[in-house]
Amino acid sequence: MKLLHIDSSITGEHSVSRTVSKAIVEALTAGDASVEVSTLDLAANPLPHLTLDVLGNPDGSDELNQFLASDVIVIGAGLYNFTIPSQLKAWIDRILVAGKTFQYTAEGPVGLAGDKKVFVALARGGFYGEGQPAAAFEHGETYLRAALGFIGITNPTFVLAEGIAIDQATREAAVAKALEEAKALTVAA
Ligand SMILES: Cc1cc2nc3c(=O)[nH]c(=O)nc-3n(C[C@H](O)[C@H](O)[C@H](O)COP(=O)(O)O)c2cc1C
């Protein structure tokens, strides 16, 4: 099994999403020495914005080829200005490629990457759950679910850490809860 571990937070060792994505990878690889893990740190090694050259040559895209070769993808992201970090968006722009990960048909678009399992560690400063006043401003989880669903990954697993910016106690409780959830994950989850 090939596992791709992607991080996109800019906050280094203070990053909640990095802490949780690492715990997810540890849980998924525990006791299985056959798992091959590749890492992609999009903050340390940012991808440029998509260009027409890159769009026109998907076979030459290292990121697309790495994604296509992976069975499991673990993504760490913070909610930045109500959506995913632009570093992660630049990666998504290389992954959603007509003819590779989706195709248009007479019946509409069809995803071609449905054989992959995706886990997302998403950290948010505030609260965006159902009924919260800011719920409609959440375009991180909703965006990733839409983008992944479009290429056939219709059931990603999200581990959320919410209220990170509220106060220290709320942050600690959210991280502890997310780490508990992460620990219990298996590839089949
Ligand atoms: C540039 C920036 C923008 C942010 N924007 C939001 C936001 O729109 N909504 C929110 O709830 N939290 C926001 N936050 C707080 C982060 O979501 C929170 O700190 C989270 O833990 C970030 O993930 P990380 O710890 O992995 O970096 C923002 C943080 C930063 C650094």
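Two rings of Phe, Tyr or Trp (its six-membered ring) make a pair if their centres lie within 6.5 Å; planes under 30 degrees apart are called stacked, over 60 edge-to-face, and the rest tilted. By that rule, Phe102, Tyr104 and Phe150 are joined into a cluster by ring pairs. Keep in mind that this is a predicted model, where local features need pLDDT of at least 70, side-chain atom pairs count only at pLDDT 80 or more, and totals for chains, interfaces and linings use all residues. Residue numbers start from 1 along each chain as its sequence is written, and side-chain values use heavy atoms, with hydrogens and water left out.

**Around the ligand**

- The ligand is surrounded by 16 residues (a residue is near if one of its heavy atoms lies within 4 Å), and the closest are Ser9, Ser15, Ser17, Leu79 and Tyr128.
- Sorted by type, that shell holds seven nonpolar residues, eight polar and one charged; here Ala, Val, Leu, Ile, Met, Phe, Trp, Tyr, Cys and Pro count as nonpolar, Asp, Glu, Lys and Arg as charged, and the others, Gly among them, as polar.
- Tyr128 brings a polar side-chain atom to 2.7 Å from an oxygen atom of the ligand.
- The backbone joins in too: a polar backbone atom of Gly126 is 2.8 Å from an oxygen atom of the ligand, and one of Gly125 is 3.1 Å from a nitrogen atom of the ligand.
- On its own the ligand exposes 620 Å², and the protein buries 76% of that (areas come from the Shrake-Rupley method with a 1.4 Å probe).
- Two elements, α1 (16-29) and β6 (117-124), each give two or more residues to the shell; helices (H or I, at least four residues) and strands (E, at least two) are DSSP runs, numbered from the N terminus.

**Ring pairs**

- Across the whole structure there are four aromatic pairs.
- Phe67 and Trp91 form an edge-to-face pair, because their planes are at 80°, with ring centres 5.8 Å apart.
- That pair bridges helix α3 (residues 62-68), home of Phe67, and helix α4 (residues 86-95), home of Trp91, 24 residues apart.
- Phe67 and Trp91 are both buried (under 20% relative accessible area; exposed is over 50%, partly exposed in between, with a 1.4 Å probe and protein chains only).
- Phe102 and Phe150 are a tilted pair, since their planes sit at 55°, with centres 4.6 Å apart.
- Phe102 counts as buried at 6% relative accessibility, while Phe150 is partly exposed at 28%.

**Lysines over rings**

- Lys116 lies over the face of Phe67, 5.5 Å from the ring centre; the rule asks for NZ of Lys or CZ of Arg within 6 Å of the centre and within 35 degrees of the ring normal.
- Lys117 lies over the face of Phe119, at 5.3 Å from the ring centre.

Note on methods: Polar contact = N/O pair within 3.5 Å; in protein donor to acceptor, adjacent residues only side chain to side chain.
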